[in-house]
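Reader: I should like to examine the terms applied to this model one at a time. Please set each value against the rule behind it.

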Amino acid sequence: MPNSLQNLFLLSAFASFSVLYFSTHYFFPGLLPRLDPAILFGSYQKAPPPPPPSTFEKITMSASAVLGVNDWKELLTGNLGMLLSSLTAVLLGLWMAGGKKQRKPVLDTKEYREFPLVEKIVISPNTALYRFGLPRSDDVIGLPIGQHITVAADIDNKTVARSYTPTSSNEDTGHFDLVVKSYEKGNISKYIGNLKLGDKIRVRGPKGQFKYTPGMVSEFSMISGGTGITPMYQIITHILYNVKDSTKINLIYANVNFEDILLKNELDELAKTHKDRFSIYYVLNNPPAAWNGGVGFVSKEMIEEKLHKHQEGKQLLICGPPPMVTAMKKHLGELNFPPAQTVSKAHDAVFVF
């Protein structure tokens, strides 16, 4: 069934041809022979002899003498083709736009929905990018920037759920990506790591207290550890890919070993391409021999040197393992940042995912 825009197209087209028909058959019967048959889309076959001027035409002849228009028919004939061509182009655009139905969000905040694994890209021995297919090739996950999804699975006769942030964006159609590090004692992470192509996961969302909008702050400072990089990566890419967004970003990213650094190539490329807006400082517990980043745990001194001081219009984001988050809160308190709330709100000076 046609939607509202397509109904507008049909109604407008009908009105246009009605005006054309009555103009050429009643008001200007002598105009029909002058019109190009292509304009009438085949309605004109053979030009009849010009009839005598109608009363309406006699009136327009008198008006032409006053207004200085020598041939009203010629004027209308010349403009009518242009008018109909323009009108047809506009209406055709409306028809095409109307034909593209807006997809409903594929996610539901209350009901779990299933999505199949369509591709697995191994990043390291225990980490991979898992690509899950959406119902249609032009679907998008529609996740607000800064929010995440809940993945659930039945493990040992009970339902277990964990939160994940896709690394794909709303510009990616037909799929969404999760970067997951699988742990031997993990529940959902191990479950995802054992998935085979075609296997499905149960997902609901979006959820979360944070929702990024361009210009909400002038600068973000970020501290992330391990897989805590995923919400940061989502925000970083969204900001940097938007040429109208001038928000600056400084990131400290901590891991145990070099091979644990997720999305390193992507992050390095972003830092190289957007030097004026994005900087990154890596910290490792066990660095390789030739290492110019931080060593050990993220310290108060590192935060003071690499990130912004507490200031109105700037925000600090944290995501990582609980022990790391606890340590970061302590450091920030010593640097005169407001204490992070138990449940962070979107505009808190310190927001913990």
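Author: Contact means heavy atoms within 4.5 Å. The model is a predicted one. By that contact rule, and not counting residues up to four places away in sequence, Val151 touches Val160, Ala161, Arg162, Tyr164, Leu178, Ile188, Ile192, Ile201, Arg202 and Val203.

Reader: Where does Val151 lie, and why is Val151 called buried or exposed?

Author: Val151 lies in strand S3, residues 148-155. Its relative accessibility is 0%, and buried means under 20% relative accessible area; Val151 therefore counts as buried. Ile192, one of the residues that Val151 touches, stands 41 residues from Val151 along the chain, with 9.5 Å between the two C-alpha atoms.

Reader: What makes Asp260 buried or exposed?

Author: The relative accessible area of Asp260 is 14%. The cut-off for buried is under 20%, so Asp260 is buried. This residue belongs to the loop between strand S8 (248-257) and H6. Leaving aside neighbours within four places in sequence, Asp260 is in contact with Lys181, Tyr253 and Asn255.

Reader: How do you know that the side chain of Asp260 has a polar atom within reach of a backbone nitrogen, and which residue supplies that nitrogen?

Author: The backbone nitrogen is that of Asn257, and it lies 2.9 Å from a polar atom of the Asp260 side chain. A polar contact requires a pair of N or O atoms within 3.5 Å, and the 2.9 Å separation satisfies that distance limit.

Reader: Ser344 invites the same treatment. Why is Ser344 called buried or exposed, and which backbone nitrogen does its side chain reach?

Author: At 6% relative accessibility, against a limit of under 20%, Ser344 counts as buried. Its side chain reaches the backbone nitrogen of Val352 at 2.9 Å. Ser344 itself is in the loop between H8 and strand S12 (350-352). Apart from neighbours within four places in sequence, the contacts of Ser344 are Gln209, Val350, Phe351 and Val352.

Reader: How many salt bridges are counted, and what makes the pair Lys330 and Glu334 one of them?

Author: The count comes to 11 salt bridges. The rule asks for a side-chain nitrogen of Lys or Arg within 4 Å of a carboxyl oxygen of Asp or Glu. Lys330 and Glu334 have an N to O distance of 2.9 Å, and their side chains meet in a salt bridge. Because the two are 4 residues apart in helix H8 (residues 322-334), about one helical turn separates them. Lys330, with a relative accessible area of 54%, is exposed, whereas Glu334, at 40%, counts as partly exposed. Elsewhere, Glu119, Arg131 and Asp177 are joined into one network by salt bridges that share partners.

Reader: Why are Asp108 and Arg113 called a salt bridge, and what are their accessibility classes?

Author: Their N to O distance is 3.7 Å, which falls within the 4 Å limit. Partly exposed covers the range between under 20% and over 50%; Asp108 at 22% is therefore partly exposed, and so is Arg113 at 30%.

Reader: What are the corresponding values for Lys306 and Glu305?

Author: The side chains of Lys306 and Glu305 meet in a salt bridge at 3.7 Å, N to O. Lys306 has a relative accessible area of 32% and is partly exposed. Glu305 stands at 60%, and exposed means over 50%, so Glu305 counts as exposed.

Reader: What makes an enclosed space a cavity here, and how many of 30 Å³ or more does the search find?

Author: In a cavity a 1.4 Å probe fits but cannot get out. The search of the whole structure finds 1 cavity of 30 Å³ or more. The largest cavity holds about 40 Å³ of space. Its lining consists of Ile141, Leu143, Ile145, Pro166, Ser168, Ser169, Asn170 and Gln234. By class these are 4 nonpolar, 4 polar and no charged residues.

Reader: What is known of the second largest pocket, in volume and lining?

Author: About 550 Å³ of space lies in the second largest pocket. Among its 24 lining residues, Thr167, Tyr233, Thr237, Leu263 and Glu266 are the closest to the centre. Strand S1 (113-124), helix H5 (229-240) and helix H6 (264-273) each give two or more residues to the lining, and the largest share, 4 residues, comes from H5. The lining divides into 9 nonpolar, 9 polar and 6 charged residues.

How values were computed. Residues numbered from 1 in each chain as written. Predicted model: local features only at pLDDT ≥ 70, side-chain atom pairs only at ≥ 80, totals over all residues. Heavy atoms only, no water. 1 Å grid on protein atoms, 1.4 Å probe; cavity = no way out; pocket = protein on both sides within 12 Å on 5 of 7 lines; lining within 4 Å. Points joined across faces, edges and corners; volume = space filled by probe spheres on them. Nonpolar A, V, L, I, M, F, W, Y, C, P; charged D, E, K, R; others polar. Buried < 20%, exposed > 50% of the residue type's maximum accessible area, 1.4 Å probe, protein only. Polar contact = N/O pair within 3.5 Å; in protein donor to acceptor, adjacent residues only side chain to side chain.
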